[in-house]
Amino acid sequence: MRILVLGGDGFCGWPTSLHLSASDHEVTIVDNFSRRRIDDELGASSLTPIESLAGRVAAWHEVTGRTIDTIELDVAQDYDGLLAVLERVQPDAIVHFAEQRAAPYSMKTSATKRYTVDNNVNATHNLLAAIVESGLDPHVVHLGTMGVYGYGTAGVRIPEGYLTVGMHGADGEVIETEILYPANPGSVYHMTKTLDQLMFAYYVKNDRLRVTDLHQGIVWGTQTSETELDPRLINRFDYDGDYGTVLNRFLMEAAVGHPLTVHGTGGQKRAFIHIQNTVQCIRLAIENPPATDAGRVRIFNQMTETHRVRDLAEMVARMTGATISYVDNPRNEAPENELLVANDGLIELGLFPLTLEDNLMDEVLDVARAYVERADLDRIPSVSQWVRPRRVPAAN
Ligand SMILES: NC(=O)c1ccc[n+]([C@@H]2O[C@H](COP(=O)([O-])OP(=O)(O)OC[C@H]3O[C@@H](n4cnc5c(N)ncnc54)[C@H](O)[C@@H]3O)[C@@H](O)[C@H]2O)c1
């Protein structure tokens, strides 16, 4: 298939592009390199030394003989450019990763909140409007987040996107209907993903677009079977307080001899997926598209296991001898929650889940140890505060 990967230079996008190319698909990456510029803005950089995108695709060609095309374009700002790309490439599928994806970054300042909303909402809407204007029928595979469901204790197994509810009709009879599981964002970033959901629902209803929304858990790991083929293909590894995700941060902290920084009690239960499974899920979604007359967005929960944050810290501490430091939680979230998640859809399509028991944590530790001299320990603390003190006390 011809596949456009929007945001294909990022942590999930790069290994996905390689995996799709290795699976005989024709891949074109679109990226505006905003993620690399945010590294500069934050004074942080990937722990692993990543090549420029031109260097990456040249190395891929040298190692495998396969070609990946690249286009520098801002999906959120350059609508005409995006439409021209669609008309030129005529993609069968479009993977949409091109959003600002860090919750802490989205909560830093009013400027980063506004950037996250402008970028993410415009990127998604530009894509949907351009598909309609092009008259093409590509299958859109979007990376959403488990965070759209919220992280309270639902008391039920969280379904794959939809909930059947009963309402009382005028005569007291119960009317059943299916709704999107109630959105409950926990940051401005998560809020943009809940807005994405509504845009997809509308365009599927009105224009009969084909959309799969993958509600992904926290991705961990670094390398995939394709990025491992050559050092120039290595994936990015974020460990800083804004972009680093929890398990990779613990493993990096252990590798550099820093205490594992657990926010609050560490009682937060979250869903996880290894990057190798991420790329497989996306390929499975692309190779098994929904029908044009599906009538609704197809939603899968893209995760393989759930863990409590403090249990992960204890597991990494046992493996490595690291100490654990419980620090104030900068986020506004429940200190403890339960989380049960349905993930049958991708497993039915053929996903074989990798879990923490598959010894993949050693690989992350090895990568972190190999690049220990690139670590800037001052970038580890998460300083982005969810709630700021008011100048005027809130009325009761
Ligand atoms: N990493 C995770 O743990 C995780 C978990 C759940 C969901 N996701 C979702 O997966 C997607 C990819 O995440 P990631 O970790 O690879 O993030 P990332 O920041 O590493 O990659 C995103 C890429 O998109 C590009 N981009 C952003 N805005 C763009 C624009 N307007 N035009 C063109 N390119 C643009 C960036 O330059 C970057 O290369 C995101 O949408 C994120 O919400 C990620």
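This report looks at the ligand site and at one residue, Leu351, in a predicted model.

## The shell around the ligand

Let's start with the ligand, which has 29 residues surrounding it. Cys12, Asp31, Arg101, Tyr189 and Lys193 are the closest of these. By character, the shell is made up of 12 nonpolar, 10 polar and 7 charged residues.

Several elements of secondary structure take part. Two helices, helix 2 (34–42) and helix 7 (188–207), each supply at least two residues of the shell, and so do strand 5 (139–145) and strand 10 (218–220).

## Polar contacts and burial of the ligand

Both backbone and side-chain atoms of the protein come into play here. A polar backbone atom of Cys12 is 2.7 Å from an oxygen atom of the ligand, and a polar backbone atom of Gly10 is 3.2 Å from a ligand oxygen. On the side-chain side, an N or O atom of Asp74 is 2.9 Å from a nitrogen atom of the ligand. The protein buries 97% of the 830 Å² that the ligand exposes when taken alone.

## A look at Leu351

Now to Leu351, which sits in the loop between helix 11 (344–348) and helix 12 (361–370). Is this loop residue buried or exposed? Leu351 counts as buried because its relative accessible area is 7%, and the cut-off for buried is under 20%.

Leaving aside residues up to four places away in sequence, Leu351 touches Asn277, Gln280, Cys281, Leu284, Thr304 and Leu346. As for Phe33, its C-alpha atom is separated by 30 Å from that of Leu351, and the two residues are 318 residues apart along the chain.

Definitions and conventions
Residues numbered from 1 in each chain as written. Predicted model: local features only at pLDDT ≥ 70, side-chain atom pairs only at ≥ 80, totals over all residues. Heavy atoms only, no water. Helix = DSSP H or I, 4+ residues; strand = E, 2+ residues; numbered from the N terminus. Buried < 20%, exposed > 50% of the residue type's maximum accessible area, 1.4 Å probe, protein only. Contact = heavy atoms within 4.5 Å. Near = heavy atom within 4 Å. Polar contact = N/O pair within 3.5 Å; in protein donor to acceptor, adjacent residues only side chain to side chain. Areas by Shrake-Rupley, 256 points an atom, 1.4 Å probe, with all protein chains shown as cover. Nonpolar A, V, L, I, M, F, W, Y, C, P; charged D, E, K, R; others polar.
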